[in-house]
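Trainee: I should like to go through this protein with you, strand by strand and then loop by loop. May we begin once the sequence and the structure are in view?

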Amino acid sequence: VNLLIADDVGAGKTVEAGLVLRELLLRRRVDFALVAAPAGMVRQWKDELESKFGLAFTIIDRDYLATLRQERGYGANPWASGTRFIISHSLLVDETYVGGLRDMLGAFRPRALLILDEAHHAAPASGSRYAIDSQFTRAVRGLADRFEHRLFLSATPHNGHSNSFSALLEILDPQRFTRGVPVRPRDLDAIMVRRLKSDLRYFGETFPVRRVEPIVISGLSGDAPELQLSLMLAAYGEAVRARAAELPPRLAGFARLGFVGLQQRLLSSIAAFAKTLEVHRRGLLRGDGGGLEDAATSFVEGAVETEDEAQDETTAADLLQAEEDQAAETAGMLASSVSDIGLVDEMLELARKCAIRPDARVRKLVEWVRVNLAPDGHWNNRRLVIFTEYEDTRRWLERRLAEALDDLDADTRIAIFTGSTSTDRREELKRRFNSDPAGDPLRILICTDAAREGINLQMRCHDLIHFDLPWNPARLEQRNGRIDRKLQPAKEVWCRYFLYEQRPEDVVLQALVRKTELIRQQLGSAGQVIANRLSDRLEHEGIWRPRAQAQEIEGGQDEGLEHIAVQEMDDETEARRARQAKELDDLRATLERSRERVGVETDELQAVVATALSRVGTSLDAARVGDVNGTPLFRLDPADPAFAIGGWQDALDDLRLRRRKKSERLMDWRSGVPLRQVSFKPATTKEGADAEGVVQVHLEHRLVRRLLSRFVSQGFSTGLSRACVIRGPGAQPRVVLLGRLALYGPGATRLHEEIILVTAAWTEAGRGTAPLRPFGATREDATLTQLQQALQNPSSPPEQIIGRIRRWAAQDAADLEPELRARAEKNKNEAGRNLAGIGEAEANSLRRLLEEQRQRIAKANAEPDDQQLSFLPELAAEAEQRRRDRRHWQTKLDRLAVDIEQEPERVRNGYTVVADRLETIGLVYLWPEGN
């Protein structure tokens, strides 16, 4: 299974991945699974897989590794401690963590699955002409081919570079794709699923309408510090560009970046600008025109990382600040000029004077909060997310808001989420912000970009304000995605940003917002190709020609790049929707067939759970605590004696209101944190929000599986019997014999499994001489209909009748077993023919696929290379990457010659039935209701 899930942001890719994983587990195609995700999303993956699919995963990180080594010794391999793991992207390039994984996987591990979230990070970095492998690309490529199955998730898999896209696809499916060889859209049909929110709305799914609007600030006096500093910095920028004209191109580029950094911080807040300008000034004083190459190297090494990529969350903010300071100081050295110092000193004096005051945005924000969140001086149930880009701005904003809202008990109403927020604190904030506002005072969450991924805030919030605007539209979209996503109960979400009418730079930022929204509406996430190019230009040259730059942004000159992405992904709206319409029809038909065959409805699940609880000595009815919007709610009591032994407490722990903190004692946590309520249907309020403190249990939930294990793993001991008797709607007693047929391929792979039923009329008369006779098709269908009706509201006949019937169970099974075996033999032969047909079709398809792949590589290999890559010094790295790819083509051509001979036969043999097993499951007797 090699699949790229490229659905839109917030459309449910995590849940789709869980569905694929669960299906592979049920088919016994997977026995080892690894999820690799950005650091900020690791905990969310664990929670989603546990709550929605009942799958427990272990997070591999520094704490887990230290604990394991303490318990088992330094040489312990963490990957040998289980079969399901989650790891962050940042640790995939660390040999400390990955070495043991490679040892465990070997060259190739059957039944192993890799789930790579945000998979576009593994695509080679975009060069000007040819994409270059990053360290992360090499790390993922070195691991992926060791897994039999690969599942990649990305809303933006194509970055506008054909060779980068093909390289990512080769990591996913090397039999279909080769890096550097153009991708044919029809090859994507077998491996890519792509749906945009606009498509889902088109097909009837409910998503909120996003409203993006500015909060306009106008009428400021000319001496407003935001306006004055903007003019002064623009003058300084002209001086820097003049100085840069005297430097070699490489150094000139770095000097301009120093100005861009100052401009970004000024547009964030005067507080952030003042702090960075002080460091920049130190660099100016140190710079003497010499040692610029060393300064440039230092600048590159001090490149700023985003907070969410820091491995040690307790020091993330400090590391980030140190890197920003180094970059600012080095940039000052590169921009050094005696004439610059005076202007910098003037800016610094004004910035220091205003750094602790509220600016016009703070005053507007306070006004908005008082009108919308606390009218008449009382907080309502509305909540707000505020995003800032820099930690300095976040600290300053938090203080200014606390001062301005002091009369409204601001300390209990405002919380923060940054890169240094601990994992436990993050989970607590997420829980509180999504909880019922009537029970939690939290109303405002101030976040840095560390929260733009991996935290869902949509359950009780539909308002978001960008205090500053990121220049990278991908970050802007990720921020908005915290509230604009599936399960948002509001019909509209509002994403607002501040706009200074009198500040020239804001013309460019507004154009960037408008262009990003237009791209999103027309092209979905694939439009990030254009958006990223826009931000790249801004981040390299800054805002210094506002009107002209705004026109360039909205002029659409990058649409050629978007055309490449749309063309290669076959992503034209009309064609995509036509394809999806057919897929949805097929899926609906499959779902209906599955419902008919499996027949697990919520009422039936509730009845089975009630029966299981009664067998352990407690009652589901006694746990009933009311309902929400017509859905019954139950709350189990962990102190019930029925749960005192047998590992029940571990199963009940999944229902607790919050996770256990790292430093919290188990006993204290269990005694202090109550269980959530349980429902068997979706528990939603009249407004459409999920009910507070309620868990919907399902067939794969850990508690349900623990209860059902009494019937499955304990066999038919402890009072259970292979024969059950229930009342039925017919006039004649009937019996149903159940058998299970399983077919196995090479390596004990389960190829086929089905339940076989044999029905008959039941009587005690003449049993010594006349065996039971199986029904024909018509009467059998009637019996199965009666069985279904009986199971919907089961009841038992008197004990003396049950005992009388059960005495004949062994004889009845023996009477019906010949028919069971005959039907099993017939079904086995039919299933074997079907499997052989599937194997032959897949083998032929694979042969064609490999032969076409060989032809495409040979054709690409025969084409002349791009000579400019070799002649231009600045493209040396890209030229070397191209040469490596060509050498890879030759290696792959040699391997394909072998694969064409061997792989189709291996696939064909994989569907060969080498063993089968038929086992009798049990008997069900239907006793007439009137008897």
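The exchange below concerns a predicted model.

Trainee: Is strand β4 mostly covered or mostly open, and how many of its residues are buried?
Mentor: A residue counts as buried when its relative accessible area is under 20%. Strand β4 spans residues 84-88 and is mostly covered. By that cut-off, the number of buried residues is 4 of its 5.

Trainee: Which residue of β4 stands opposite A37?
Mentor: Strand β2 covers residues 32-37 and is joined to β4 by 5 bridges, with the two strands running parallel. Within this pairing, the residue of β4 opposite A37 is S88.

Trainee: Which residue of β4 stands opposite T58?
Mentor: Strand β3, residues 58-59, also runs parallel to β4, and 2 bridges join them. The residue of β4 that T58 faces is F85.

Trainee: What is the handedness of the β-α-β unit made by β3, helix α3 and β4?
Mentor: The two strands of the unit, β3 and β4, run parallel. Helix α3, residues 62-72, completes the unit with them. Its handedness is right-handed.

Trainee: Which strands stand at the edges of the sheet that contains β18, β21, β19 and β20?
Mentor: This open sheet has 4 strands in the order β18-β21-β19-β20, with mixed pairing. Two of them have a single partner strand each, so one side of each is left without a neighbour in the sheet. The twist from one strand to the next averages 25°. The edge strands are β18 (723-728) and β20 (750-761).

Trainee: Which residue in β21 stands opposite A723?
Mentor: Strands of a sheet pair through backbone hydrogen bonds, either parallel or antiparallel. Here β18 and β21 (residues 915-928) pair in the parallel sense over 6 bridges. The residue in β21 opposite A723 is L923.

Trainee: What is the relative accessible area of R28?
Mentor: Most residues other than glycine have a negative phi. R28 is not a glycine, yet its phi is positive, near 60°. R28 lies in the loop between α1 (13-26) and β2. R28 is partly exposed, and its relative accessible area is 40%.

Trainee: Is A748 buried or exposed?
Mentor: A748, also not a glycine, has a positive phi of about 60°. Its place is the loop between β19 (734-744) and β20. Because a residue counts as exposed over 50% and A748 has a relative accessible area of 58%, A748 is exposed.

Terms used:
Residues numbered from 1 in each chain as written. Predicted model: local features only at pLDDT ≥ 70, side-chain atom pairs only at ≥ 80, totals over all residues. Heavy atoms only, no water. Buried < 20%, exposed > 50% of the residue type's maximum accessible area, 1.4 Å probe, protein only. Pairing = 2+ DSSP bridges. Right-handed = clockwise from strand over helix to strand, strands pointing away. Axes fitted to C-alpha atoms, helices over the stretch in contact; angles between N-to-C directions.
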